[in-house]
Amino acid sequence: MSPLKIKKGSSKHSAYNLRPTFSDVQETHTIAALVENEPGVLARVIGLFSGRGYNIDSLTVAEVDHEGHLSRITIVTTGTPQVIEQIKAQLGRIVAVRDVHDLTVEGPSVERELALLKVNGSGDKRVEALRLADIFRAQVVDSTLESFVFQLTGTPDKIDAFADLMRPLGLDEVARTGVAALARGV
């Protein structure tokens, strides 16, 4: 105890916050970065993640302004709040990165993903696959006597749920685009 009988770090009025502020909670964040569309920018962004051992759950890149030579990189990553803040700060320091937004923190956003799922089967399994595809609003984009290829758009959770239901019916292959996201409103 100090001479004033106040435990260190226990007072709201202390000039020093001695309590640890680190969190062990893993959070998933969607980060959007507007970058110059030039060779090597994606490699620098990805190098930031791999060099520090951060994982990328989803990555989507496309040119969004042809005349301005700008591309948008949408990254879904998981980490503690401190790691997420560090990722955003380090992304902002890359010269070719114009703007960084954490869509998870900044408010409501719209996230969508496109998936193609190949399902093999015949008889009752084939009928059940078509019935479930109708419920999930998946489109049949290719059909043979032995298989279907379904196209499905929606949230990653919706695509995961559809894939889980298709596994026992003969899910053979899955191709996913990764998350594309925009903030809602003005």
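What follows is a walk through the fold, the cores and the salt bridges of this chain, based on a predicted model.

The overall layout comes first. The chain folds into four helices and nine strands, and read from the N terminus these elements run β-α-β-β-α-β-β-α-β-β-α-β-β. Out of 186 residues, 31% count as buried. The accessible surface adds up to about 11900 Å², with carbon and sulfur atoms supplying 54% of that area. As for contacts with a separation of 6 or more, 71% of them are between residues 24 or more positions apart.

Next, the inside. The largest nonpolar core holds 17 residues, and the members that touch the most others are Leu117, Phe150, Leu152, Phe162 and Met166. At least two residues of this core come from each of β5 (109-120), α3 (124-136), β7 (147-154) and α4. Met166 gives a feel for the packing here: setting aside neighbours within four places in sequence, Met166 is in contact with Val119, Ala129, Leu132, Ala133, Phe150 and Leu171. There is also a second, separate core, made of 15 residues, including Val35, Leu48, Ile87 and Ile94.

Ile87, one of the residues in that second core, is also among the buried residues of helix α2, along with Ile84, Lys88, Gln90 and Leu91. Some of these positions follow a helical rhythm. An α-helix has 3.6 residues a turn, so residues three or four places apart point the same way. The buried residues of α2 are covered by elements that include β1, α1 (41-52), β3 (70-79) and β4. The length of the helix checks out too: α2 has 13 residues, which at 1.5 Å a residue should span 18 Å, and the C-alpha atoms at its ends sit 19 Å apart, so the two agree.

Strand β1 is one of the elements covering α2, and Ala32 sits in this strand. With a relative accessibility of 2%, Ala32 counts as buried, because the cut-off for buried is under 20%. Leaving out neighbours within four places in sequence, the contacts of Ala32 are Arg72, Ile73, Thr74, Asp99, Val100, His101 and Leu103. Val61 lies 29 residues away from Ala32 along the chain, and the C-alpha atoms of the two are separated by 9.8 Å.

Now for the charged pairs. Searching the whole structure turns up eight salt bridges. One of them joins Glu36 and Arg98, with the closest N and O atoms 3.4 Å apart. Glu36 belongs to strand β1 (residues 27-36) and Arg98 to strand β4 (residues 97-102), so this bridge ties together parts that are 62 residues apart in sequence. The two partners do not share a solvent class: Glu36 is partly exposed at 24% relative accessible area, whereas Arg98 is exposed at 52%.

Strand β4 turns up again in the bridge between Asp102 and Lys88, where N and O are 3.3 Å apart. This pair links distant parts of the chain, with Asp102 in strand β4 and Lys88 in helix α2 (residues 81-93), 14 residues apart. Asp102 and Lys88 are both buried. The pair is also part of a wider arrangement, in which Glu85, Lys88 and Asp102 are linked in a network of salt bridges.

A further salt bridge brings the side chains of Asp160 and Arg176 together at 2.6 Å, N to O. Asp160 is in helix α4 (residues 156-166) and Arg176 in strand β8 (residues 171-176), so the bridge connects parts that lie 16 residues apart in sequence. Both ends are partly exposed, with relative accessible areas of 34% for Asp160 and 36% for Arg176. Helix α4 thus appears in two settings, because Asp160 of this helix pairs with Arg176 of β8, while α4 also supplies at least two residues of the largest nonpolar core.

Last comes a feature of the surface. Leu42, Leu59 and Val61 make a nonpolar patch of about 200 Å². Within this patch, Leu59 is a residue of strand β2 (residues 56-65). Leu59 has a relative accessibility of 32% and so counts as partly exposed. Val61, another member of the patch, is the residue whose C-alpha atom is 9.8 Å from that of the strand β1 residue Ala32.

Notes:
Residues are numbered from 1 along each chain as its sequence is written. This is a predicted model: local features need pLDDT of at least 70, side-chain atom pairs count only at pLDDT 80 or more; totals for chains, interfaces and linings use all residues. Side-chain values use heavy atoms; hydrogens and water are left out. A salt bridge is a side-chain nitrogen of Lys or Arg within 4 Å of a carboxyl oxygen of Asp or Glu. Buried means under 20% relative accessible area, exposed over 50%, partly exposed in between (1.4 Å probe, protein chains only). Patches are made of residues with over 30% relative accessible area and no salt bridge: like charges are joined within 9 Å, nonpolar side chains (Val, Leu, Ile, Met, Phe, Trp, Tyr) within 5 Å. Accessible areas come from the Shrake-Rupley method with a 1.4 Å probe; for residues, only the protein chains shown count as cover. Contact means heavy atoms within 4.5 Å. A nonpolar core is a set of buried Ala, Val, Leu, Ile, Met, Phe, Trp, Tyr and Cys residues joined through side-chain atoms within 4.5 Å. The expected span of a helix is 1.5 Å times one less than its number of residues.
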